[in-house]
2 protein chains.
Amino acid sequence: MSSVEGQQGRNGSRAAAGGGSVAHRVPDLGALELLLAVARLGSLGAAARETGITQPAASSRIRSMERQLGVALVDRSPRGSRLTDAGALVTDWARRIVEAAEAFDAGAQALRDRRDSRLRVAASMTIAEYLLPGWLLALRAQRPDTAVSLLAGNSAAVAERLLADEADLGFVEGVSVPTGLDSVVIAHDRLIVVTAPRHPWARRGRPLEGAELAATPLILREKGSGTRQVLDAALGGLARPLIELSSTTAVKAAAVSGAGPAVLSELAVGEELAVRRLVRVPVQGVSLARDLRAVWPTGHRPVGPARELLSLTRG
Amino acid sequence: MSSVEGQQGRNGSRAAAGGGSVAHRVPDLGALELLLAVARLGSLGAAARETGITQPAASSRIRSMERQLGVALVDRSPRGSRLTDAGALVTDWARRIVEAAEAFDAGAQALRDRRDSRLRVAASMTIAEYLLPGWLLALRAQRPDTAVSLLAGNSAAVAERLLADEADLGFVEGVSVPTGLDSVVIAHDRLIVVTAPRHPWARRGRPLEGAELAATPLILREKGSGTRQVLDAALGGLARPLIELSSTTAVKAAAVSGAGPAVLSELAVGEELAVRRLVRVPVQGVSLARDLRAVWPTGHRPVGPARELLSLTRG
DNA sequence: ATGAGGGCATAAGCTGTCTTTATGAGCAGC
DNA sequence: GCTGCTCATAAAGACAGCTTATGCCCTCAT
């Protein structure tokens with residue numbers, strides 16, 4: 001059993017208006033990375049070396065993190081340091097933050113490197129938001145010195161870039177492939193109907209019929225968005241909005257708060273479903289699937305870094 | 001070659017040589033939170049007020065974030081500020097980091113509040129690691145002033161705490177419910193077989209048979225762990241380890257690196273599957289499902305905060 | 001048109017945090 | 001006992017971020 005000793009109670013719980021910022025209660029990324037290094041290497045000093053600081057700095061940083069969290073994280077001994085049980089748990093949670101930060105970094109770097117990049121990627125929003133950072137991380141692991149640039153836009157914009165030779169590889173979601181482009185399906189996405197767990201639909205026995213879906217006011221992206229287009233097409237142009245929001249995130253938030261059923265990409269709600277913040281409502285008789293495709297100008301099969309990235313996306 | 005990989009196995013992200021730690025390339029949590037506030041409120045000044053700093057501080061912070069990333073994030077105008085296209089993308093990525101930080105905070109706070117907490121929770125590792133932070137966040141949203149304490153351990157330890165009245169509500173994963181406890185199923189988990197995308201099994205046509213699974217050396221958690229017990233039971237005590245590792249994370253990392261097939265909880269690999277870092281191998285004829293249950297001492301139905309939390313976990 | 005108000009930028013000074021260097025102390029194995 | 005590993009402590013310096021105090025720009029209402 002995890003023996004977690006609270007250390008000292010310094011109560012800095014100021015109930016600030018509007019919700020206190022999490023930044024003051026969570027160690028910064030450097031500290032979390034250091035903790036991961038300690039977990040992996042089993043020694044403060046080694047972790048310090050790896051993260052490029054001195055041993056006393058590491059020691060002090062870990063200690064102040066323990067003070068901040070009010071929990072002992074590592075068992076120090078003259079032969080090294082091991083995580084406490086609580087420390088192991090904290091480290092697992094910390095790893096998620098650091099992984100998110102790595103994805104952020106990979107993406108941000110691609111946004112920056114416009115100029116001299118050896119691989120220019122154009123992607124639709126959903127792909128750029130949810131999938132590309134992971135791919136870029138994988139690519140970096142294989143080819144650390146490949147500078148990538150990223151341009152996000154809709155399908156038409158992606159096609160335009162490719163045809164103007166301003167991008168080497170594109171990714172689009174959607175039913176049809178823009179003319180002038182070759183493509184390969186790299187994954188499947190699906191729009192799904194979700195509700196808050198206590199919504200009546202969350203407990204329905206039988207799957208939802210298309211007609212029922214079309215007849216119910218839904219939380220939707222605005223007209224013109226990719227997901228809305230797919231939905232409208234599937235329902236015959238008849239989706240009834242309960243409210244229209246301009247970002248996937250806003251739609252999710254509204255659904256979570258129980259405002260009503262929402263229709264969203266499976267990619268966007270994986271986390272929410274896993275934790276049951278949202279519940280999936282089965283649907284019958286309507287095809288809400290869509291392919292995710294890699295695209296390139298007809299005849300110009302991807303080569304070099306583009307091929308590398310392409311192969312990553314398919315495994 | 002039995003286990004005892006200790007912490008070494010935790011191979012999260014190798015420090016990229018030359019690149020340095022991600023912490024230096026990613027804005028700190030405060031800056032990301034500020035960016036989210038700007039996105040939401042449409043004004044630097046308003047975001048500053050909400051995050052409890054002055055307008056010049058916000059201005060400078062956003063600016064230095066833009067400098068750091070090399071991308072313009074915000075379109076300033078005398079009527080307010082809107083995100084640029086790149087800024088919207090960056091904000092979406094940033095949101096993931098902040099959400100992970102919020103989960104971290106919720107969990108960490110529960111580890112700390114041992115003493116005077118009004119709700120004492122005991123949970124098995126998998127649940128504590130993957131689900132509980134989300135539940136705690138939801139609980140905090142409903143009842144902001146409920147101090148929660150968390151104790152993580154195996155099923156037996158959870159039962160022990162409950163029976164000793166050292167915990168109000170427990171969560172266990174497993175086939176059987178410890179004696180002396182009432183329980184309710186709150187979710188279903190399943191062990192799944194995963195491989196790196198280029199492993200031969202990733203492209204098999206037909207599902208794997210139980211016998212085949214039992215005959216193949218697998219990357220596994222050490223004997224005695226919850227997942228290992230379920231697997232052994234399902235296969236008839238016959239799982240053959242290729243290597244045994246002491247943490248879910250280590251198993252994942254080994255599988256991703258292509259060392260072989262691994263067996264893991266569905267909960268642990270949601271993200272990896274979504275991004276195709278791992279591929280699920282269908283299995284036939286073996287029941288790898290397990291229930292996740294909330295448990296409490298027989299007769300003592302959860303009341304107050306415990307009931308509240310329980311109802312959250314079921315939706 | 002003119003003043004009020006919201007919104008953002010700049011400059012200067014202060015404060016706190018994290019860092020390094022330098023040192024001490026505990027434990028293992030030869 | 002010596003060497004090598006570990007971690008802890010102390011003192012001093014560097015840097016980032018904050019605040020206060022301004023100023024400019026634009027829009028809207030009078």
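# A tour of two protein chains and two DNA strands

Welcome! We start at DNA strand D, and before you select anything: this is a predicted model, where local features need pLDDT of at least 70 and side-chain atom pairs count only at pLDDT 80 or more, while totals for chains, interfaces and linings use all residues. Residues are numbered from 1 along each chain as its sequence is written, chains are lettered from A and ligands numbered from 1 in the order in which they are written, and side-chain values use heavy atoms, with hydrogens and water left out.

**Stop 1: DNA strand D**

Select DNA strand D and the 20 residues around it; L44(A), S59(A), R63(A), R76(A) and S81(A) come nearest. Here a residue is near a strand if one of its heavy atoms lies within 4 Å of it. Of the atoms of DNA strand D that come within 4 Å of the protein, sugar and phosphate account for 71%.

Now show the polar contacts, meaning pairs of N or O atoms within 3.5 Å. R63(A) places a polar side-chain atom 2.6 Å from a phosphate oxygen of DNA strand D. At G45(A), look at the backbone instead: an N or O atom there lies 2.9 Å from a phosphate oxygen of the strand. Chain B takes part too, with a side-chain N or O atom of T54(B) 2.9 Å from a phosphate oxygen of DNA strand D.

Next, colour by secondary structure (helices are DSSP runs of H or I with at least four residues, strands are runs of E with at least two, numbered from the N terminus). Two or more residues near DNA strand D come from each of helix 2 (44-51), helix 3 (55-69), strand 1 (74-77) and strand 2 (80-83) of chain A, and from helix 3 (55-69) of chain B. Which element gives the most to this surface? Helix 3 of chain A does, with four residues.

**Stop 2: DNA strand C**

Move to DNA strand C, which has 20 residues around it; T54(A), S59(B), R63(B), R76(B) and S81(B) come nearest. Sugar and phosphate make up 65% of the atoms of DNA strand C that come within 4 Å of the protein.

Zoom in on Q55(B), where a polar side-chain atom lies 3.1 Å from a base nitrogen of DNA strand C. At P78(B), a polar backbone atom is 3.2 Å from a sugar or linking oxygen of the strand. The side chain of S43(B) has an N or O atom 3.5 Å from a phosphate oxygen of DNA strand C. Helix 3 of chain B supplies the largest share of the surface near this strand, four residues.

**Stop 3: the core**

Hide the DNA and select F104(A), F171(A), F104(B) and F171(B), which touch the most other members of the largest nonpolar core, a set of 150 residues. Such a core joins buried Ala, Val, Leu, Ile, Met, Phe, Trp, Tyr and Cys residues through side-chain atoms within 4.5 Å, and buried means under 20% relative accessible area, exposed over 50%, partly exposed in between (1.4 Å probe, protein chains only). Helix 4 (residues 85-112) of chain A gives this core its largest share, 15 residues.

**Stop 4: the axis**

Superpose chain A on chain B by least squares on the C-alpha atoms of residues with pLDDT of at least 70 in both. A turn of 180° with a shift of 0.0 Å along the axis gives an RMSD of 0.1 Å, which is the relation of a two-fold axis. To find the axis from chain A, go to I97(A): its C-alpha is the nearest in that chain, at 2.8 Å. The copies meet through the same surface, because 84% of the interface residues of chain A are also interface residues in chain B, with contact taken as heavy atoms within 4.5 Å.

**Last stop: A88(B)**

Finish on A88(B), in helix 4 (residues 85-112) of chain B. A88(B) counts as partly exposed because its relative accessibility is 29%.

How values were computed:
Polar contact = N/O pair within 3.5 Å; in protein donor to acceptor, adjacent residues only side chain to side chain.
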